[in-house]
Amino acid sequence: MSGAQPILEIRGLRKSFNHVEVLRGIDLAVLPQELVFIIGPSGSGKSTLLRCCNRLEEPTGGSIHVDGVDIMARSTDINAMRRRIGMVFQSFNLYPHMTALGNVALALVKVLRKPRKEAHRIALGALDRVGLADKARAYPAELSGGQQQRVAIARALALEPKLMLFDEPTSALDPELVGSVLNVMRELKRGGMTMLVVSHEMRFARDAADRVIFMDHGAIVEEGRPDEIFSRPREARTRAFIAELAR
Amino acid sequence: MQGSPRFVDVFFNWVLIERYFPAIMKGVAVTIEIAAAVVVTGLALGLILAIVRAFRFLPVSALIVVFADAFRALPPLVLILLVYFGLPNLGVSLPSFAVLWLVLSLVLAAFSEEVFWAGLLSVPKGQWEAARSTGLGFLETLVYVVLPQALRLTVPPITNRTVVITKNTALGTVIGVGEILNQATTAQSFSGNATPLMMGAITYVILFIPVVVLGRFLETRFAWRRL
């Protein structure tokens, strides 16, 4: 994998909200097919970091390149870049007035300008990948939390993104529904998807992540292989956080 | 029981009912015409203003707020008289029908803009973010994701407000618009009997009850379980 051009390359990223510095110079590169996990206490800036990657938050400084494109450049069409950056949210954010199929097909029709028929075919394929082809006609309210989150993954997946961002994808789920979402993410990993995941699912991180990053107070404290971070953290802050997680 | 025939004679005089029925029906046609025109232009303008406000361009938003507040604060009757008797002094004289339509449209636009705006605000931020994250632009997100949800939420208050404003077509009587109340008061003064007024009242009930029922139907039809 070494030598490959990173899919995501963040340099010196800074973000402030009204003079409060939330990100203080983040450097991070994610290589093709890599699954990078970000952990850290709440308020450490991990969600903000993720949301800067598709400019849902506007960075204050630094640079972000996705697939070689400077997404902060004035000349960059951010909407065109966003369809190559899939995002999955903690609260799913499915469109309640559309069926699962409609949710997945919307951007295919309106952004990629696919004919409706083809969009539905692609959308159905994406729903199939998350195991929900049979729920295509269901509305979000008729689906369990786990199913809703899988539809949300399909919605991002249908656009064939180069990179997927997961913002605490299982935090809003009942424990028994977490597994189905993680299984889908595992499948994506196996299929070679590049993923940046903010989550506290340690078991999943251990067996699926290539790298774990521990953030605190807007900076990366340490990073390493999952077993290093979880079993032999070097930094005292990381140790304290891991111990807290494991309780 | 002695008062009973007199009561019937004053309010339900059959001869007068027959005589003034055509006039009242003419009023019904005028009322429906104005009400329909007001609903179309008022709601369309209100929606457009709410959408413009969604762009959050401060000076424009401020103007919209000033307009909405002014037209919600002023009694429609004051506006009608002001426009009808004031504008000719500026060399613009509109027919009474047009004045009534214009004023009520603006009043409905002011109220509905506020309701539509509240509806837009009530759609969770996550809906915007999810849509934008798939590459949809601001306007596409507004049209395909946010507005459909916002509009459903606004159906009950919009229906109520629309009924209130369209009932105000009766104010047209003071500037001589030949709507229901105008026909009824004219007939009343000719006959010296309250029967035409009662006919007008009953006509309003017949006209507006279906609208109220329709509003209730829409309310349940467009409600859906959230999340």
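Helix 7 of chain B is the top contributor to the lining of the second largest pocket, giving 6 residues. The model is predicted. That pocket holds about 270 Å³ of space. The largest pocket holds about 470 Å³. Rolling a probe the size of a water molecule over the atoms reveals where empty space is left.

**The second largest pocket**

- The second largest pocket encloses about 270 Å³, and 14 residues line it.
- Closest to its centre are B:Leu43, B:Ile158, B:Thr159, B:Thr162 and B:Leu218.
- Three elements of chain B each give two or more residues to this lining: helix 2 (14-54), helix 7 and helix 9 (195-221).
- The lining of the second largest pocket has 11 nonpolar residues, 3 polar ones and no charged ones.

**The largest pocket**

- The largest pocket encloses about 470 Å³, and 19 residues line it.
- B:Arg56, B:Lys125, B:Trp128, B:Arg132 and B:Phe138 lie closest to its centre.
- Two chains supply the elements that give two or more residues to this lining. Chain A supplies helix 2 (78-82). Chain B supplies helix 5 (96-122), helix 6 (125-133) and helix 7 (138-167).
- Helix 6 of chain B provides the largest share of the lining, 4 residues.
- The lining of the largest pocket has 11 nonpolar residues, 8 charged ones and no polar ones.

**Side by side**

- Helix 7 of chain B gives two or more residues to the lining of the largest pocket, and helix 7 of chain B also gives 6 residues to the lining of the second largest pocket.
- Charged residues number 8 in the lining of the largest pocket, while the lining of the second largest pocket has no charged residues.

Notes. Residues numbered from 1 in each chain as written. Chains lettered and ligands numbered in written order. Predicted model: local features only at pLDDT ≥ 70, side-chain atom pairs only at ≥ 80, totals over all residues. Heavy atoms only, no water. 1 Å grid on protein atoms, 1.4 Å probe; cavity = no way out; pocket = protein on both sides within 12 Å on 5 of 7 lines; lining within 4 Å. Points joined across faces, edges and corners; volume = space filled by probe spheres on them. Nonpolar A, V, L, I, M, F, W, Y, C, P; charged D, E, K, R; others polar.
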